[in-house]
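I opened this notebook to keep track of what I looked up, entry by entry. The entries below go from one residue outward to the whole chain.

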Amino acid sequence: MWMPASRYPDPAIQALDDSFNKYRITLAAVERLSTGYRWCEGPVWFGDQRCLIWSDIPNNQMLRWDEQSGQVTPFRKPSNYANGNSRDRQGRLITCEHGGRRVTRTEYDGSLTVLADSYQGKRLNSPNDVVVKSDGSIWFSDPAFGIAGNYEGHKAAAELPQWLYRLDPASGALSVVADDCVGPNGLCFSPDESVLYVVDSRATPNRLIRAYDVSANGSALSNSRVHIDCGPGAADGMRCDSDGNLWCGWGMGNDHLDGVMVFNPDGHAIGRIALPERCANLCFGGVARNRLFMAASQSVYALYVNAQGATLS
Ligand code: MG
């Protein structure tokens, strides 16, 4: 039975390199905010609402944790087996749906607008994770994980390869920006948006985090390369802090691997946060963007760190 650390410093926060020490707060411990779910994913912070929204994919629901009260209430159920979430430049919720095989935007009145559900007349597979660039373009991965069975979506055959897409904010046009990931998953931009990082969950023999250079006009990728070889670990979703470090949901059902791995911009592991469950995805939140929210299997955890998220969501 996992218990929060009752004494500081919390041994769950581990420096693998001295350079990590400036990011840890010795008087902060990992907190379990809520538990009792099946597979938590897609945490996104709403600073204006002071709440965290996330997906519980197999339960076909999204939840909302309120920072003021600590209460968790349903946000959307059914959620069409929603997975990754983000916010656009206008603060609207952007959601990947396995069940709907689409990416949606939640309007201010609560209605849903479908942003993408097909490419060249063929259905998307099961959009997994999404980020929004400062120019308003929406970038998402489309692996087939969510149509592989009936647990996290609806079993179906793939109609398209597993690609990475960019949705143009002005025209709504969809374009393929990367076709060399076997199973594209989590993604995020470097703080200056010159590099896009993408997890390849089906690379062999190990999962990879690939890096791509973003073109000057911000609409294309080049120079695909291996940034991090995950070894026996399973990366899923990730976010950059303002120093360019990658904070990655991590695990493989092994207590030496479950939690969060932190890599510096050169791709070297500098720290980890041990959790009792595999972590799928994370985001920074709180007024100072210095609280890490971790969606980890059946629970959501939080930890204050001495780092700040590079973006608002
Ligand atoms: Mg994912």
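Before the first look-up I noted the term it needs: a polar contact is a pair of N or O atoms within 3.5 Å, and within protein one of them must be able to donate a hydrogen and the other to accept it. I also noted that what I am reading is a predicted model.

**Entry 1, Ser 219.** I asked where Ser 219 lies, and found it in the loop between strand E19 (208-214) and E20. With the definition above in hand, I looked up its side chain, which makes a polar contact with the side chain of Asn 217 at 2.9 Å. Is Ser 219 buried, exposed or partly exposed? Its relative accessibility is 26%, and because buried means under 20% and exposed means over 50%, Ser 219 counts as partly exposed. Setting aside its neighbours within four places in sequence, I found Ser 219 in contact with Trp 139, Arg 166 and Val 177. I also looked up its distance to Arg 24, and the two are 195 residues apart in sequence and 36 Å apart in space, C-alpha to C-alpha.

**Entry 2, the strands around that loop.** I turned to the hairpin of E19 and E20, which has six residues between the strands, and noted that Gly 218 takes a positive phi near 80° there. E19 and E20 pair in the antiparallel sense over six bridges, and strand E18 (residues 195-200) pairs with E19, also in the antiparallel sense, over six bridges. I followed Leu 208 of E19 to both of its partners: Asp 200 stands opposite it, and in E20 its bridge partner is Asp 229. Six of the seven residues of E19 are buried, so I recorded this strand as largely enclosed by the rest of the structure.

**Entry 3, an open sheet.** I then looked up a sheet of four strands, which is open, has the order E13-E14-E15-E16 and is paired in the antiparallel sense. Which strands stand at the edges of the sheet? They are strand E13 (130-132) and strand E16 (174-178), and each has a single partner strand, so one side of each is left without a neighbour in the sheet. From one strand to the next the twist averages 25°. Within this sheet, strand E14 (residues 138-141) and strand E15 (residues 164-167) run antiparallel and are joined by four bridges, and I noted Leu 167 in E15 as the bridge partner of Ile 138.

**Entry 4, the magnesium ion.** I asked which residues coordinate the magnesium ion, and found Glu 41 (OE), Asn 128 (OD1), Asn 185 (OD1) and Asp 236 (OD), at 2.2 to 2.8 Å. Along the chain these donors follow the spacing E-x86-N-x56-N-x50-D. Asn 185 sits in strand E17 (residues 184-189) and Asp 236 in the loop between strand E20 (221-229) and strand E21 (238-240), so that this pair, 51 residues apart, links distant parts of the chain. Both Asn 185 and Asp 236 are buried.

**Entry 5, the whole chain.** To finish, I looked up the totals, and the secondary structure comes to zero helices and 27 strands. Of the 313 residues, 59% count as buried. The C-alpha trace spans about 55 × 40 × 35 Å along its principal axes, and the radius of gyration is 18 Å, which agrees with the value near 20 Å that a compact globule of 313 residues would have. Among contacts between residues at least 6 apart in sequence, 45% join residues at least 24 apart.

How values were computed. Residues are numbered from 1 along each chain as its sequence is written. This is a predicted model: local features need pLDDT of at least 70, side-chain atom pairs count only at pLDDT 80 or more; totals for chains, interfaces and linings use all residues. Side-chain values use heavy atoms; hydrogens and water are left out. Donors are N, O and S atoms within 2.8 Å of the metal (3.2 Å for Na, K and Ca); water is not among the atoms, so sites may look incomplete. Buried means under 20% relative accessible area, exposed over 50%, partly exposed in between (1.4 Å probe, protein chains only). Contact means heavy atoms within 4.5 Å. Two strands pair if DSSP finds at least two bridges between them. Axes are lines fitted to C-alpha atoms, for helices over the stretch in contact, and angles run from 0 to 180 degrees between N-to-C directions. The radius of gyration is taken over C-alpha atoms; the globule rule is 2.2 Å times the number of residues to the power 0.38.
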